[in-house]
Amino acid sequence: MADQHSYRAIQTIGHETSVNIVQKQSYVFPYHAGQKRHHGAFVADAHISALPRQDLAYRDYLPPRSISAKVKGAIPEPSWRQPHTSSIRVAGFFDGSRSTLKLADIDIAICTIEKANALDNSAIDEGNIDQLGAVIVDEFHMIDDESRGYLIELMITKLLCVSNGLDKVQIIGMSATLSDVQLIAAWMNAKFYVSKHRPVPVHEYLVYEGGIYPTVDSKEFFRTASQLNSPIATQKPHASRLIDKSIHKELENPMTNAVVALAIETLNAGYGVLVFCSSRQGSQAMAQMIAKAVPTEGITNQMLDARLEFLAALQALPGGFESALKETVVKGVAFHHAGLTTEERETIAEAYDRGVLKVMVATCSLAAGCNLPARRVILNGARMGRDLVGPAMLRQMRGRAGRKGKGEVGESFVCCQKADLEAVAELMEAELPPVTSCLTPDKRGLTRALLEVVATRLAMTPQSIEDYVIRSLLYQLMEPNNVLSTLRTTIRDLLEQNLVEVTETGSYQATRLGQAIVASSLSPDDGIFVHDDLQRALKCFVMDSELHIFYLFTPVQSSTMPDISWTVFRDEMESLDESGMRTLQAVGINPALVHRLAQGTVLKEDTPEQVNRGRIYRRIFSAFQLRDLCNEIPIHEISVRYQVPRGFVQNLAQTCQGFAAGMIKFSERMGWGMLAAVLEHMVDRLRAGARADLLEMATVPFVKSRMARVFYDNGLKSVHALSEADPKDLVPIMMEVQGRKPGRFRGEAAEMLKAKLLIRAETIVSSASRIWERQRFLELHE
């Protein structure tokens, strides 16, 4: 099915632009003998990392040519001169992490955006923000992302307020798709550098109706697309190459045939290729289609062994693996999407990076979430679901082509069907949208921003609050009078919502509710919803049912919850005992409405009251899954039962761990000590994914949920027992956890699986030994 013509590069497109913004006051940290030294930095990549200051000294000013948003190594490495130690302390902060460390305890902290903002708030509140030296934000264009990225604006504005004199925090922003660079630089009082250098040239092509058309730039792309789609009999552009039609029925669609042909051509040449599809189902189906077309005679024994070993690694994963991968990976093809577990995605990405896999079919999220470059990038259309992707995402996807070490050139192919041709052409030519602030009145981000600065005592007087707002990006984008008017309205809303109050001196302070909301890292709207929920729980807490606690542990943000299968919801509801039904009644579930929804009625969410009702139903549906996870039901069984992808189930468990910690903080700040104690009692079960009798076992790496139960049932009922076990004896027990999957592999593949499990068993025994030794040490010294 693949095109048999030899590949011929046509032309080089214009260089990709990378933008870097460096706060100019503090990109050099001088060191003087005898001076107190505590320099450090935050680093962000839609995740954010924080470095508390420790003698950070750049060799020189950051030269324009060396800065690249996509090549972090281009920034001159800092020299670390840490007294009394040669090591650097690194910690991770993310939803579900158990770390209680603070900025003063570490040298490098890798954080999500939410955790970085919380770390910032904590440092300001405790008065040790001076331990922070720099903030590095990759993917800076996320700053106007309303769901998460707006926290970047909140954090940077706070840092601009607390910085003064020589102790100013250095802020570095990096992006390849950021517009309004001068505006951002003016806001941060920063220098900015633009690099158009690209070490590997990239050639771009439009693929339409089996023809490949070279495009030097977006304007030529638009012109070519317009000519191809024009009903007028004008001279059509000439294709540089033609892709033969396929005789196979599955490839009757010219666009599908083109994607498969181009992918196989790249694979046969020995290079890697990324194929972007619009949906999870689409990416999986495309991967299977490409795999079927890959000839088997070109696969060497060495490569086949490597792929079988990769399959064994997938099978050894605790959460199982997608069965369709068995069909594709032996051909060097895999798919990557959010429906897979984290371990699956990491294992697949590593195999692709090592060259074991040659074709990666993914959804658009891979373009922004993973650093997986390729010789060739193929876009199977330019949609995310039903909608066209935006200009920034399109550039992210195309930008994966052509990286150093992946070939002398990069290639990007945009495959279009007739209905989308002109729309995609316009998208290619479109300018990046201007940067906007998420603190505008319609986005309500200013409400959270002001509550945080008041609660952390960064700004409490009317003048200091006004100074804070003046330092925001919002002030750069709106008329000053309109900003100040919005400020007054927001303060009035906070007072009416009882989140802040006026003191006798005329300044503002956060109420107990306001402090609880900030401490638990919630937005004001979410915090008020949670407050109402917890107040209902205080009046009517169902102590004889786990479901009520798991409900309180589920996040309130609808974006983190999968769609509800109402028939499944109804069946789960009908299977509940009397205490479970009391839980549904306590949180506000109407069984009659559930039955109507299961019969096809649509849950309305037009008014604020209806939106909050929808939150309750989604949280209970998630609580059903969380209950099953903590009762050791495997992820893949939960996935089938609730018709939710395994990756979503796993993500729910991780997200709930972070949210549960927030609920405990919320209850403590509100003075609800007994409720906090009840919630905290269940957190360990949530982390372990197991019942109470397995909590000690679950402290050992890789021993969670089903694995812990199988060990327990086979007589290994404690950490001490695990520490004395022979790793070889653990392998057959671990095979039981694989359930029906061992039968899928026989012979050499089965031996590879056992070898992988033996390595994991050795890790389990050694980890258990260390934990047991630590326990004995503590017992002896008590």
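**Figure 1. Arg641 and Asp628 form a salt bridge in the predicted model.** In this predicted model, the side chains of Arg641 and Asp628 meet with 2.9 Å between N and O. Arg641 belongs to helix α24 (residues 635-642) and Asp628 to helix α23 (residues 608-630), so the salt bridge ties together parts that are 13 residues apart in sequence. The two partners are covered to unlike extents: Arg641, at 37% relative accessibility, counts as partly exposed, whereas Asp628, at 5%, counts as buried. Side chains of opposite charge can pair when their charged atoms come close.

**Figure 2. Glu344 and Arg646 are joined by a salt bridge between two helices.** The side chains of Glu344 and Arg646 meet at 2.9 Å, taken from N to O. Because Glu344 lies in helix α9 (residues 342-354) and Arg646 in helix α25 (residues 646-670), the pair ties together parts that are 302 residues apart in sequence. Glu344 and Arg646 are both buried. The structure as a whole holds 23 salt bridges, this pair being one of them.

**Figure 3. Arg375 and Glu411 take part in a network of salt bridges.** The closest N and O atoms of Arg375 and Glu411 are 3.6 Å apart, and the two residues form a salt bridge. Arg375 is found in the loop between α10 (365-369) and β15, while Glu411 sits in strand β18, so the contact ties together parts that are 36 residues apart in sequence. Arg375 is buried, with a relative accessible area of 12%, and Glu411 likewise counts as buried, at 1% relative accessibility. The network that links Arg375 and Glu411 also includes Arg241, Glu265 and Arg376.

**Figure 4. Eight strands make up an open sheet with mixed pairing.** The strands follow one another in the order β11-β10-β9-β18-β15-β12-β14-β13. At the edges stand β11 (241-242) and β13 (333-336), each with a single partner strand, so one side of each is left without a neighbour in the sheet. Within the sheet, strand β9 (residues 202-208) pairs with strand β18 (residues 410-416) in the parallel sense, over seven bridges. In this pairing, His203 stands opposite Glu411 of β18, and Glu411 is also the salt-bridge partner of Arg375.

**Figure 5. Helices α5 and α12 lie across strands of the sheet.** Helix α5 (residues 254-268) lies across β9, β10 (211-215), β11, β12 (273-276), β14 (359-362), β15 (376-380) and β18, and it runs at about 165° to β15. Helix α12 (residues 421-429) lies across β9 and β18, running at about 140° to β18.

**Figure 6. Strands β4 and β5 pair in the parallel sense.** The pairing of β4 with β5 extends over four bridges, and Val90 stands opposite Ile108 in β5. In a regular strand the side chains alternate between the two faces of the sheet. Strand β4 (residues 90-93) shows such an alternation, with Ala91 and Phe93 pointing to one face, where they are buried, while Val90 and Gly92 point to the other and are not buried.

**Figure 7. Ile88, Val90 and Ile110 form a nonpolar patch on the surface.** Together, these three residues have about 250 Å² of accessible area. Val90 comes from β4, where its side chain points to the face opposite that of the buried Ala91 and Phe93. Ile110 lies in strand β5 (residues 108-112), and, at 40% relative accessibility, it counts as partly exposed.

**Figure 8. Asp526 is a buried residue of helix α18.** Asp526 lies in helix α18, which spans residues 524-539, and because its relative accessibility is 8%, it counts as buried. When its neighbours within four places in sequence are left aside, Asp526 is in contact with Val556, Gln557 and Arg615.

**Figure 9. The close-ups belong to a protein of 782 residues.** The secondary structure comes to 30 helices and 20 strands, and buried residues make up 54% of the protein. Among the contacts with a separation of 6 or more, 73% are accounted for by residues 24 or more positions apart. The protein exposes about 34700 Å², of which carbon and sulfur atoms supply 50%.

Definitions and conventions: Residues are numbered from 1 along each chain as its sequence is written. This is a predicted model: local features need pLDDT of at least 70, side-chain atom pairs count only at pLDDT 80 or more; totals for chains, interfaces and linings use all residues. Side-chain values use heavy atoms; hydrogens and water are left out. Patches are made of residues with over 30% relative accessible area and no salt bridge: like charges are joined within 9 Å, nonpolar side chains (Val, Leu, Ile, Met, Phe, Trp, Tyr) within 5 Å. Accessible areas come from the Shrake-Rupley method with a 1.4 Å probe; for residues, only the protein chains shown count as cover. A salt bridge is a side-chain nitrogen of Lys or Arg within 4 Å of a carboxyl oxygen of Asp or Glu. Buried means under 20% relative accessible area, exposed over 50%, partly exposed in between (1.4 Å probe, protein chains only). Two strands pair if DSSP finds at least two bridges between them. Contact means heavy atoms within 4.5 Å. Axes are lines fitted to C-alpha atoms, for helices over the stretch in contact, and angles run from 0 to 180 degrees between N-to-C directions.
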